[in-house]
Amino acid sequence: PITSGTSSIPAISEAAQAIGLVDTIVAMRGSGRPQQAPSPQQQLMGENATWKGIRATLTRDYVPSAYRGRAAIILAGSESEASATIFALRSLGVGAIHTVGFRARGPLAEGLEPFTSIQSVKMVEQPFVMVSALPPEKSLLVQPLLRHYRTSGRTSPPSTRGKVYLDLTRGERTGDPVGVAVRAGWTAYGIEDVDAWTTVETLRLLVGQNVPFDFVRMASGRVF
């Protein structure tokens with residue numbers, strides 16, 4: 001990806017501008033729709049497909065309205081690593097977004113609530129979704145939160161069940177956050193799911209065609 005502030009791309013989408021990164025360049029028609037064949041009237045536009053991949057992953061098993069008004073937690077080492085997730089969550093209409101590991105100062109910073117103490121963690125009783133974009137060497141840090149907001153067991157009220165964990169960490173992780181999440185009752189997805197959905201969304205942007213998610217996963221060597 002390149003920064004959305006680059007002068008080499010004549011136009012930037014609102015999403016890429018807010019996120020701060022461009023990962024796809026689309027040739028647009030005058031109508032604003034993707035164009036498959038070159039044309040003197042085409043305009044190149046910088047887009048961000050990653051947030052679409054994140055949103056598609058989150059809505060694979062849950063309808064978008066399931067997220068509306070619900071609390072979310074994002075763990076990341078920097079704002080740039082979390083920006084696509086923030087944009088995706090806001091497109092789903094989530095409620096409060098709590099952050100761990102970074103303080104946002106960009107266009108997406110408004111309304112974010114950083115965890116500053118153990119007490120602030122305890123005040124969030126029922127986060128519906130937790131996303132970790134921590135670097136591999138720090139991936140272990142998400143596990144205490146996954147256990148703290150455990151959804152399994154007889155004492156867990158129905159309103160706290162069905163929560164979603166998304167692991168965006170690349171590389172060899174410390175520990176097994178996805179395994180911990182599953183054992184704690186979360187619906188868990190990994191970076192492989194997001195990569196596949198991002199490929200689906202990228203192809204839709206570039207050629208206007210819907211490629212089945214299962215086909216993309218199979219083509220990448222993952223069969224499930």
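Which residue stands opposite Ile74 in strand 9? I looked this up before anything else and found Val131. I note at the outset that the model is predicted.

**Entry 1: confidence**

I checked the pLDDT values before reading details. The protein chain averages 83, and 81% of the residues score at least 70. Over residues 152–156 the pLDDT stays under 50, and the model has 7 contacts for this stretch beyond four places in sequence. I do not interpret that stretch further, because predicted coordinates should not be read in detail where pLDDT is low.

**Entry 2: the sheet of 6 strands**

I followed the strand order next. The sheet is open, has 6 strands in the order 8-7-6-9-10-11, and its pairing is parallel. Strand 8 (112–114) and strand 11 stand at the edges; each has a single partner strand, so one side of each is left without a neighbour in the sheet. From one strand to the next the twist averages 20 degrees.

I then went through individual pairings. Strand 6 and strand 9 are parallel and share 6 bridges; the Ile74 and Val131 positions of my opening query stand opposite each other here. Strand 9 and strand 10 are also parallel, with 4 bridges, and Val129 stands opposite Val164 in strand 10. Strand 10 is joined to strand 11 by 3 bridges, again in parallel. Val164 has Thr187 as its bridge partner in strand 11.

Which way do the side chains of strand 10 point? I found Val164 and Leu166 pointing one way and Tyr165 and Asp167 the other way, and all are buried. I recall the general rule that side chains of a regular strand alternate between the two faces of the sheet.

I also looked at what lies across this sheet. Helix 3 lies across strand 6, strand 7 (97–100), strand 8 and strand 9, and runs at about 170 degrees to strand 6.

**Entry 3: the sheet of 3 strands**

I found another open sheet, with 3 strands in the order 2-5-4 and mixed pairing. Its edge strands are strand 2 (11–12) and strand 4 (24–28), each of which pairs on one side only. Strand 4 pairs with strand 5 (residues 43–47) in the antiparallel sense, over 5 bridges. Met28 has Gln43 as its bridge partner in strand 5. Helix 7 (residues 191–207) lies across strand 4 and strand 5, at about 25 degrees to strand 4.

**Entry 4: helix 2 and Thr57**

I listed the buried residues of helix 2 and obtained Trp51, Gly53, Ile54, Ala56, Thr57 and Leu58. What covers them includes helix 1 (14–19), helix 3, strand 9, strand 10 (164–167), strand 11 (187–189) and helix 7.

Is Thr57 buried or exposed? Its relative accessibility is 1%, so Thr57 counts as buried. Leaving aside residues up to four places away in sequence, I found Thr57 touching Leu166, Tyr189, Asp193, Val194 and Trp197. I also checked Asp195: its C-alpha atom is 9.4 Å from that of Thr57, while the two residues are 138 apart along the chain.

**Entry 5: aromatic pairs**

How many aromatic pairs does the model contain? The count comes to 4. One of them joins Trp51 and Phe87, edge-to-face, at 4.9 Å centre to centre and 70 degrees between the planes. This pair links distant parts of the chain, with Trp51 in helix 2 (residues 50–58) and Phe87 in helix 3 (residues 79–91), 36 residues apart. Trp51 counts as buried because its relative accessibility is 11%.

I turned next to Tyr62 and Phe128. Their ring centres are 5.5 Å apart and their planes stand at 85 degrees, so this pair is edge-to-face. Tyr62 lies in the loop between helix 2 and strand 6 (71–76) and Phe128 in strand 9 (residues 127–133), 66 residues apart. Both partners are buried: Tyr62 has a relative accessible area of 18%, and Phe128 has one of 4%. Ring pairs link Tyr62, Tyr67 and Phe128 into a cluster.

**Entry 6: a charge over a ring**

What sits over the ring of Trp186? I found the charged end of Lys163 there, 5.0 Å from the ring centre.

Conventions:
Residues are numbered from 1 along each chain as its sequence is written. This is a predicted model: local features need pLDDT of at least 70, side-chain atom pairs count only at pLDDT 80 or more; totals for chains, interfaces and linings use all residues. Side-chain values use heavy atoms; hydrogens and water are left out. Two strands pair if DSSP finds at least two bridges between them. Helices (H or I, at least four residues) and strands (E, at least two) are DSSP runs, numbered from the N terminus. Contact means heavy atoms within 4.5 Å. Axes are lines fitted to C-alpha atoms, for helices over the stretch in contact, and angles run from 0 to 180 degrees between N-to-C directions. Rings of Phe, Tyr and Trp (its six-membered ring) pair if their centres lie within 6.5 Å; planes under 30 degrees apart count as stacked, over 60 as edge-to-face and the rest as tilted. Buried means under 20% relative accessible area, exposed over 50%, partly exposed in between (1.4 Å probe, protein chains only). A charge sits over a ring if NZ of Lys or CZ of Arg is within 6 Å of the ring centre and within 35 degrees of the ring normal. pLDDT is the predictor's confidence in each residue, from 0 to 100.
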